[in-house]
Amino acid sequence: MKQDTPTPPSLRATSPQAGEDALNIKNLHVSVEGAPTPPRAGGAPTTPSLDSARDTPPQAGGEILKGVTLRVAQGEVHALMGPNGSGKSTLAHVLLGHPRYKVTSGSITFKDQNVLSLTPEARAKLGLFLSFQYPMEVPGVSFTNFLRTAYNNTRREKDDPISAVDFVKMLREKAEMLGLKEEFFRRPVNEGFSGGEKKRSEIFQLAALEPSIAILDETDSGLDIDALRIVADGINKLRGQRGLESPRSGPGILLITHYQRILNYVQPDFVHVLVDGKIVASGDRRLAITLEEKGYGWVTSSPVAPRHPLLGEERRF
Ligand SMILES: Nc1ncnc2c1ncn2[C@@H]1O[C@H](COP(=O)(O)OP(=O)(O)OP(=O)(O)O)[C@@H](O)[C@H]1O
Ligand SMILES: [Mg+2]
C-alpha cells in the first residue's frame, strides 16, 4: 500500500495553529467479539482493489473497521457520513477506548502519544471527548457536580481543582453562550431530558470541558429545527473559540451525521464517507450535497467520486 503519497495541499490541515496537535488514525482495523462477518453482495469476493491495498491479512471474522485512515487537526471540522452499520460509532468508541472493540492493526496517535496504549481516562485527560449517539442518564448526580468532577479530572492538576464558585460562574457563561437556561445544569445529568435536550446537554459538556478533539456521534439526530440551530451555533462558537486559560485553536471536531442539513449550519472543512468499514471518499462540503442527491451507491460506483486524500494516487473508488 502506498501510504506516503503527499496529501494534496487543498486537503491539508487548514488551521495555521493546527501544528502537530492532530489526531492521526492510520490504517485502523477493528473487530468486535460476536459480530458476524457481513455477507458480501451476491457472495462475490471483496473488491480486489480494496483488499490488495491492506497491510494486514484479512481477519477471520467480526471485522468492522477495515483500514481507516484519517487526520483531524485542532481547529478543523470533519464530517463523517455513511450508511447505517458502516462503522461510524465503532470508530468513535474505539477512539475513546471502549473495551468491547479490539484493534487488530493500525495506529491512533495524538500529541505524540500512542492513544491505543492509554486508558479511557487518560484519553479524556489528553483532550479527547465523545458525545454519545445515545446519551446516558445519571440519576441523582447534578450536572454541575458531574461536570466539575470531569473538569478537574481532565483539565486541572490534582492539587489545583477549580472552586465550586468559579466553576458555576464558568458554566453560566457557557450556558448563556449556548442559549440554555441555568436550570439546565442544576438538574441531574440527562434525567428526564427530552431527546433534543440530551443532545444539547452533550454540547454543553463539550463547551464546559473544552477538549482538544471532540467526536460528536449524531448530535443532530432528533433535534427540532430550533434545537438544531442552537446546537450548530454552539459548535460554531466553540470552533472559533480560543482557550480561556491558554491561547490555542478551537477543538478539532469529528461530526458523525446522516444529514446534510446540519452541514448547512456547521460548514465542515472536510467530508468523509465510510462504507463497510472503509473511508471510500473524502472531499469538501459539496460531497455531502452530492450524497444527499445521489445516495451512497454513487460514491462506491462512480469513477468521478472523490477519493480519500490520504490514500495513494492510484486508488479509485
Ligand atoms: N458491540 C457490538 N457487538 C456486535 N456487533 C457490533 C457491536 N458494535 C457494532 N457492531 C456491528 O458493527 C457494525 C457497525 O456498527 P456501528 O454502530 O459502528 O455503525 P454506524 O455506522 O454507527 O451505524 P448507524 O448509522 O446506524 O449509527 C454493525 O453491523 C453493528 O451491528
Ligand atoms: Mg452510529
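The paragraphs below lead through a predicted model, beginning with the whole chain and then moving to its core, its helices and a few individual residues.

The protein folds into eleven helices and twelve strands, and of its 317 residues 40% count as buried. Among the contacts that join residues at least 6 apart in sequence, 77% are between residues at least 24 apart. Several such pairings are met again below, where single residues are taken up one by one.

The largest nonpolar core contains 67 residues, and those that touch the most other members are L95, F129, I215, L255 and V273. Strand β2, which spans residues 63-73, supplies the largest share of this core, with six residues. For L95, once the neighbours within four places in sequence are set aside, the contacts are with I108, L128, L130 and I215, and I215 is itself among the core residues that touch the most other members.

L95 also belongs to helix α2, residues 88-95, which is mostly covered, seven of its eight residues being buried. The buried residues of α2 are K88, T90, L91, A92, H93, V94 and L95, so that the list includes a lysine and a histidine as well as leucines. After the helix comes G97, whose phi is positive, near 85 degrees.

Helix α10, residues 285-294, has buried residues at L287, A288 and L291. Seen down the axis of α10, these buried residues fall within an arc of 100 degrees, and they therefore line one face of the helix. The general geometry of an α-helix fits this reading, because with 3.6 residues a turn, residues three or four places apart point the same way. On the other side of α10, R286 and E293 are exposed. The cover over the buried residues of α10 includes strand β3 (77-81), helix α9 (261-265), strands β11 (270-275) and β12 (278-283), and helix α11 (296-301). Just after α10, G295 takes a positive phi of about 80 degrees.

One of the strands in that cover, β11, holds V271. V271 is buried, because 26 other C-beta atoms lie within 10 Å of its own and 20 are enough for a residue to count as buried. Leaving out residues up to four places away in sequence, V271 touches A79, M81, S282, G283, D284, R285, L287 and A288; of these, L287 and A288 are among the buried residues of α10. The C-alpha atoms of V271 and M81 are separated by 7.4 Å, although the two residues are 190 residues apart along the chain.

Where does the chain take a positive phi in a residue other than glycine? D112 has a phi near 60 degrees, and D276 has a phi near 50 degrees. D112 is placed in the loop between β4 (101-110) and β5 (113-114), whereas D276 is found in the loop between β11 and β12. Their surroundings can be set side by side: D112 is exposed, because it has 7 other C-beta atoms within 10 Å, where 12 or fewer count as exposed, while D276 is buried, with 20 other C-beta atoms within 10 Å.

Another part of the structure is the contact between helix α4 (residues 143-155) and helix α5 (residues 164-177), which pack at an angle of about 105 degrees with their axes 11 Å apart. The two helices are therefore roughly perpendicular to each other. From α4 the contact draws on T144, L147, R148 and Y151, and from α5 on A164, F167, V168 and L171. By class, these residues divide into six nonpolar, one polar and one charged.

A residue elsewhere on α4 leads to strand β8 (residues 188-189), where V189 has its place. V189 is buried, with 22 other C-beta atoms within 10 Å. Apart from its neighbours within four places in sequence, V189 is in contact with E137, V138, V141, F143 and F146. The C-alpha atoms of V189 and F146 are 7.4 Å apart, while 43 residues separate the two along the chain.

Key. Residues numbered from 1 in each chain as written. Chains lettered and ligands numbered in written order. Predicted model: local features only at pLDDT ≥ 70, side-chain atom pairs only at ≥ 80, totals over all residues. Axes fitted to C-alpha atoms, helices over the stretch in contact; angles between N-to-C directions. Helix = DSSP H or I, 4+ residues; strand = E, 2+ residues; numbered from the N terminus. Parallel < 35°, antiparallel > 145°, perpendicular 65-115°, else oblique. Contact = placed C-beta atoms within 7 Å. Nonpolar A, V, L, I, M, F, W, Y, C, P; charged D, E, K, R; others polar. Arc of directions from axis to C-beta. Core = buried A, V, L, I, M, F, W, Y, C linked by C-beta atoms within 7 Å.
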